[in-house]
Amino acid sequence: MADPAEPTSKTNDDPLAKALQSLFVSFASVVQGELQSSNNEYDLLKNMNLRAATEYDNFGDFASGLSSFVERLKAKNEHFNQYLQDMEMIDKQVTELEALVSTLDNYTSTLQAQIKVAYAAAKKPSGHL
């Protein structure tokens, strides 16, 4: 079978055959170029999809790590909540103790004043002998 790009002796003589052969060769080149262009676009799309898949995998890994980090923070928060409750209980007890100390201070001040009055009254000479 003869190569269509090679003119035969029959086509050398016929200008219409030459023109048609040139047209078909040119058309084949255009079609081949279009197919190559489409192939290049598909390759680009494939590479873009692979890149996107890699990025999404990285996002998934990051989200997984972030989720693990949040879970650890929640566990630490629960652990510290116990300390917070203990501190609130101690604060309440200190407030109650301060109120008790204030009451005792008032009582001792009153008692001291009464003792001073009683002591001063005892030092006064009385008219009775």
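Below, a biologist and a modeller talk through a predicted model and the reasons behind its labels.

Biologist: What makes up the fold of the protein chain, in helices and strands?

Modeller: The protein chain has two helices and zero strands. One of the helices is α2, which covers residues 15-123.

Biologist: How do you know that the span of α2 agrees with its number of residues?

Modeller: At 1.5 Å a residue, the 109 residues of α2 should span 162 Å. The end C-alpha atoms of α2 are 155 Å apart, so the two values agree.

Biologist: What caps the N-terminal end of α2?

Modeller: That is D14, with a side-chain oxygen 3.3 Å from the backbone nitrogen of L16. A polar contact needs N or O atoms within 3.5 Å, so a distance of 3.3 Å passes.

Biologist: How much of the protein chain counts as buried?

Modeller: Of its 129 residues, 2% do. The chain exposes about 11,900 Å², and carbon and sulfur atoms supply 62% of that area.

Biologist: Why is F62 called exposed?

Modeller: Exposed means over 50% relative accessible area. F62 has 58%, so F62 is exposed. F62 sits in helix α2 and helps to make a nonpolar surface patch of about 460 Å², together with L66, F69, V70 and L73.

Biologist: What qualifies F62 for a patch?

Modeller: A patch residue needs over 30% relative accessible area, and F62 has 58%, so F62 clears that cut-off.

Biologist: How many salt bridges does a search of the whole structure find?

Modeller: Two. One joins R51 and E55, whose closest N and O atoms are 3.3 Å apart. The other joins E71 and K74, with the closest N and O atoms 4.0 Å apart.

Biologist: Why is the contact of R51 with E55 called a salt bridge?

Modeller: The nitrogen of Lys or Arg must lie within 4 Å of a carboxyl oxygen of Asp or Glu. For R51 and E55 the distance is 3.3 Å, so the contact counts. Both residues lie in helix α2, four residues apart, about one turn of the helix.

Biologist: What does the helix have to do with that spacing?

Modeller: An α-helix has 3.6 residues a turn, so residues three or four places apart point the same way. E71 and K74 are three residues apart in α2, so about one helical turn separates them.

Biologist: Why does R51 count as exposed, and E55 as partly exposed?

Modeller: R51 has 56% relative accessibility, so R51 falls in the exposed class, which is over 50%. E55 has 28%, so E55 falls between the limits of 20% and 50%. E71 is partly exposed at 47%, and K74 is partly exposed at 47% too.

Biologist: What makes Y56 and F59 an edge-to-face pair?

Modeller: The search finds two aromatic pairs. In the pair of Y56 and F59, the rings are 6.2 Å centre to centre, with 70 degrees between the planes. Pairing needs centres within 6.5 Å, and edge-to-face needs planes over 60 degrees apart, so both tests are met. Y56 and F59 are both exposed.

Biologist: Why is the pair of F80 and Y83 called tilted?

Modeller: The ring centres of F80 and Y83 are 6.3 Å apart and the planes stand at 45 degrees, so the pair is tilted. Stacked means under 30 degrees and edge-to-face over 60, so 45 degrees fits neither. F80 and Y83 are three residues apart in α2, about one helical turn. Y83 has 45% relative accessibility, so Y83 counts as partly exposed.

Methods: Residues numbered from 1 in each chain as written. Predicted model: local features only at pLDDT ≥ 70, side-chain atom pairs only at ≥ 80, totals over all residues. Heavy atoms only, no water. Patch = residues over 30% accessible without salt bridge, like charges linked within 9 Å, V, L, I, M, F, W, Y side chains within 5 Å. Areas by Shrake-Rupley, 256 points an atom, 1.4 Å probe, with all protein chains shown as cover. Salt bridge = Lys/Arg side-chain N within 4 Å of Asp/Glu carboxyl O. Buried < 20%, exposed > 50% of the residue type's maximum accessible area, 1.4 Å probe, protein only. Phe/Tyr/Trp six-rings, centres within 6.5 Å; stacked < 30°, edge-to-face > 60°. Expected span 1.5 Å × (residues − 1). Polar contact = N/O pair within 3.5 Å; in protein donor to acceptor, adjacent residues only side chain to side chain.
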